[in-house]
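Thanks for making the time this morning. I would like to walk through one model with you, beginning with its charged pairs and then moving on to its pockets, one helix and a few backbone angles.

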Amino acid sequence: MSTTTGLIGEYHAAAVVLSLGWRVSMCQQDKVDLLAWKEDEYIRIQVKTAKLSGDKEARNPVYHFQFGSGQKNKVLPNERDYDILCCVGLEHRKALFLPIQQVQQKSKRMPHQLFDEPKAELHSFNKALAAVRGRRDSQ
C-alpha cells in the first residue's frame with residue numbers, strides 16, 4: 001500500500017478524533033500516528049488503512065488490515081506501543097477504533113458492513129476509550 005493511502009487514513013482518523021471533541025496532533029512515530037488529548041488525558045493512536053479487497057462488486061468484499069509490525073517477522077503490538085488502533089476503510093471513509101487489548105492477531109479481515117453503521121466511529125471510539133481507561137485504572 002502506498003504512503004499516500006496511509007496518510008489519507010491518518011488525516012481521516014485525526015478529523016474523526018477532532019470531531020469527537022478531542023485535540024489531536026499527528027506525530028508519525030514507530031507505532032504511534034496520532035496523539036489525542038482532552039484536558040489532562042492523553043491517548044496514543046495507531047492508524048491502519050485498508051482498501052476493499054476482492055471483487056468490489058462481489059457479495060462480500062472485505063477490508064484486510066495488517067496489525068503486526070516489522071519487516072519480515074511480524075510482531076503483535078502491546079500496551080507499551082499504543083492505546084487505540086484505528087482501522088480506516090478507505091472506500092467508506094470511515095474509521096473504527098479498537099483498544100489495544102482487542103488486537104490479538106497480526107492481520108484481520110473486517111466486513112465492509114461494519115463501516116456502514118451511521119454511528120460506528122462514535123460508538124467504537126467510546127468503547128475503546130472506556131477499555132483504555134479501565135486498563136489504566138486497574139494499574
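**Salt bridges, pockets and backbone**

Let me begin with arginine 133, which forms a salt bridge with glutamate 41, the closest N and O atoms being 2.7 Å apart. Arginine 133 sits in helix H2, residues 120–138, while glutamate 41 belongs to strand S3, residues 41–50, so this pair ties together parts that are 92 residues apart in sequence. I should say at once that what you see is a predicted model, and that every value I quote is computed from it. On the two partners, arginine 133 is partly exposed, with a relative accessible area of 37%, whereas glutamate 41, at 16%, is buried.

How many salt bridges does the structure hold? There are six, and I will take two further ones in detail. In one of these, the side chains of aspartate 81 and lysine 31 meet at 3.4 Å, N to O. Aspartate 81 comes from the loop between strand S5 (62–66) and strand S6 (84–89), and lysine 31 from the loop between strand S1 (23–29) and strand S2 (32–38), so here two loops that are 50 residues apart in sequence are tied together. Aspartate 81 is buried, with a relative accessible area of 14%, while lysine 31 counts as partly exposed at 32%. Lysine 31 deserves a second look for its backbone, since its phi is near 75°, a positive value in a residue other than glycine. As a reminder, most residues other than glycine have a negative phi.

The other pair is arginine 136 with aspartate 83, whose side chains meet in a salt bridge at 2.9 Å, N to O. Arginine 136 lies in helix H2 and aspartate 83 in the loop between S5 and S6, so the pair ties together parts that are 53 residues apart in sequence. At 30% relative accessibility arginine 136 is partly exposed, and at 2% aspartate 83 is buried. Both of these residues also belong to a network of salt bridges, in which Arg44, Glu79, Asp83, Arg135 and Arg136 are linked.

Let me turn to the pockets. The largest pocket holds about 680 Å³ of space, and 26 residues line it, with Gln46, Val47, Lys48, Gln66 and Gly68 lying nearest its centre. The elements that give two or more residues to this lining are helix H1 (3–19), S3 and S5, and S3 gives the most, with five residues. As for the character of that lining, it divides into eight nonpolar, twelve polar and six charged residues.

The second largest pocket holds about 260 Å³, and of the 15 residues that line it, the closest to its centre are Phe97, Leu98, Pro99, Gln102 and Lys127. Strand S7 (94–99), strand S8 (107–111) and H2 each supply at least two residues of that lining. By class, the lining of the second largest pocket has nine nonpolar, four polar and two charged residues.

Next, helix H1, which we have already met as a contributor to the lining of the largest pocket. At 1.5 Å a residue, its 17 residues should span 24 Å, and the end C-alpha atoms are indeed 24 Å apart, so expectation and model agree. Which residues of H1 are buried? They are Thr5, Gly9, Glu10, His12, Ala13, Ala14, Val16 and Val17. An α-helix has 3.6 residues a turn, so residues three or four places apart point the same way. What covers the buried residues of H1 includes S1, S2, S3, S6, S7 and H2. After H1 comes glycine 21, whose phi is positive, near 95°.

Two loop residues remain. Arginine 93 is found in the loop between S6 and S7, and its phi is near 55°, again a positive value in a residue other than glycine. At 48% relative accessibility, arginine 93 counts as partly exposed, because the exposed class begins over 50%. Asparagine 78 lies in the loop between S5 and S6 and is partly exposed, with a relative accessible area of 26%. Asparagine 78 and glutamine 104 are 26 residues apart in sequence, and their C-alpha atoms are 9.2 Å apart in space.

That is where I will stop, and I am happy to go back to any of these residues on the screen.

How values were computed: Residues numbered from 1 in each chain as written. Predicted model: local features only at pLDDT ≥ 70, side-chain atom pairs only at ≥ 80, totals over all residues. Heavy atoms only, no water. Salt bridge = Lys/Arg side-chain N within 4 Å of Asp/Glu carboxyl O. Helix = DSSP H or I, 4+ residues; strand = E, 2+ residues; numbered from the N terminus. Buried < 20%, exposed > 50% of the residue type's maximum accessible area, 1.4 Å probe, protein only. 1 Å grid on protein atoms, 1.4 Å probe; cavity = no way out; pocket = protein on both sides within 12 Å on 5 of 7 lines; lining within 4 Å. Points joined across faces, edges and corners; volume = space filled by probe spheres on them. Nonpolar A, V, L, I, M, F, W, Y, C, P; charged D, E, K, R; others polar. Expected span 1.5 Å × (residues − 1). Contact = heavy atoms within 4.5 Å.
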